[in-house]
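Student: I would like to go through this chain step by step. Where should we begin?

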Amino acid sequence: MQLLNLPLCHVKVSEKDGKKYIYDPLRRKYVAFTPEEWVRQHFVNYLVTVKSYPKERIANEVSIYVNGISKRCDTVVYDDYLQPLLIAEYKAPEIAITEEVFNQISRYNSALKVPYLIVSNGLKHYCCNMDYINMRCGFLEDIPVYTEIK
């Protein structure tokens, strides 16, 4: 798999019937080994090991409803009161981060109304803070540590 612009993450990989699977410690199971999953595992590891996000406050593949349609957020981080705090959307490294990717995470956020959004393809990472009073979104220079946003 491609090297990412994230700290190295030790992952468990298995193979069954010619298909590769990667272990997701948050979901406690093996899932299909895709380029997007590779990014997810590395990014969650980065949040936990570098940015001090509590592992027990992070969930992958969270089901939500947007306009009555079931969708899945790649990762949701919760605050100390288990309220959604951050949504992360991942793309494979070869997928450019475009306006459509931001539109996708914005649609998800219409259901959760979190203060922080992250988009990453493993090579480039964008984090923005939502200002609901002025209806604006401000991009941050870096991913904040958990204690700065909780």
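The questions and answers below go from the whole chain to single residues.

Student: In what pattern do the helices and strands follow each other along the sequence?
Tutor: The model is predicted. The chain contains 3 helices and 9 strands. Read along the sequence, they give the pattern β-β-β-α-β-β-β-α-β-β-β-α.

Student: What radius of gyration does the chain have, and why does it agree with a compact globule?
Tutor: The C-alpha atoms fill a box of roughly 50 × 35 × 30 Å along the principal axes. For 150 residues, a compact globule would have a radius of gyration near 15 Å, so the chain agrees with its value of 15 Å.

Student: What percentage of the residues in the chain are buried?
Tutor: A residue is buried when its relative accessible area is under 20%. Of the 150 residues, the buried ones make up 42%.

Student: How far apart do the centres of the positive and negative side chains lie?
Tutor: The two sets hold 19 positive and 18 negative side chains. Each set has a centre, and the distance between the two centres is 5 Å.

Student: Is Gln41 buried or exposed?
Tutor: Gln41 belongs to helix 1, residues 35-49. Beyond four places in sequence, Gln41 touches several residues, including Cys9, Tyr23, Asp24 and Asn60. The cut-off for buried is under 20% relative accessible area. Gln41 has 5% relative accessibility and therefore counts as buried.

Student: Asp24 is among the residues that Gln41 touches. Which residue is the bridge partner of Asp24 in strand 3?
Tutor: Strand 2 (residues 19-24) and strand 3 (residues 29-32) run antiparallel and are joined by 4 bridges. In strand 3, the residue bridged to Asp24 is Lys29.

Student: Which residue in the turn between strand 2 and strand 3 has a positive phi?
Tutor: The two strands form a hairpin, with 4 residues between them. The phi in question is about 55°, and the residue in the turn that has it is Arg28.

Student: What relative accessible area does Val76 have?
Tutor: Val76 sits in strand 5, residues 69-78. Apart from neighbours within four places in sequence, Val76 is in contact with Arg57, Ile58, Ala59, Val62, Pro84, Leu86 and Leu112. Val76 is buried, and its relative accessible area is 0%.

Student: What distance separates the C-alpha atoms of Val76 and Lys113?
Tutor: Val76 and Lys113 are 37 residues apart along the chain. In space, their C-alpha atoms are separated by 12 Å.

Conventions: Residues are numbered from 1 along each chain as its sequence is written. This is a predicted model: local features need pLDDT of at least 70, side-chain atom pairs count only at pLDDT 80 or more; totals for chains, interfaces and linings use all residues. Side-chain values use heavy atoms; hydrogens and water are left out. The radius of gyration is taken over C-alpha atoms; the globule rule is 2.2 Å times the number of residues to the power 0.38. Buried means under 20% relative accessible area, exposed over 50%, partly exposed in between (1.4 Å probe, protein chains only). Lys and Arg count as positive and Asp and Glu as negative; His and the chain ends are not counted. The place of a charge is taken as NZ of Lys, CZ of Arg, CG of Asp or CD of Glu. Contact means heavy atoms within 4.5 Å. Two strands pair if DSSP finds at least two bridges between them.
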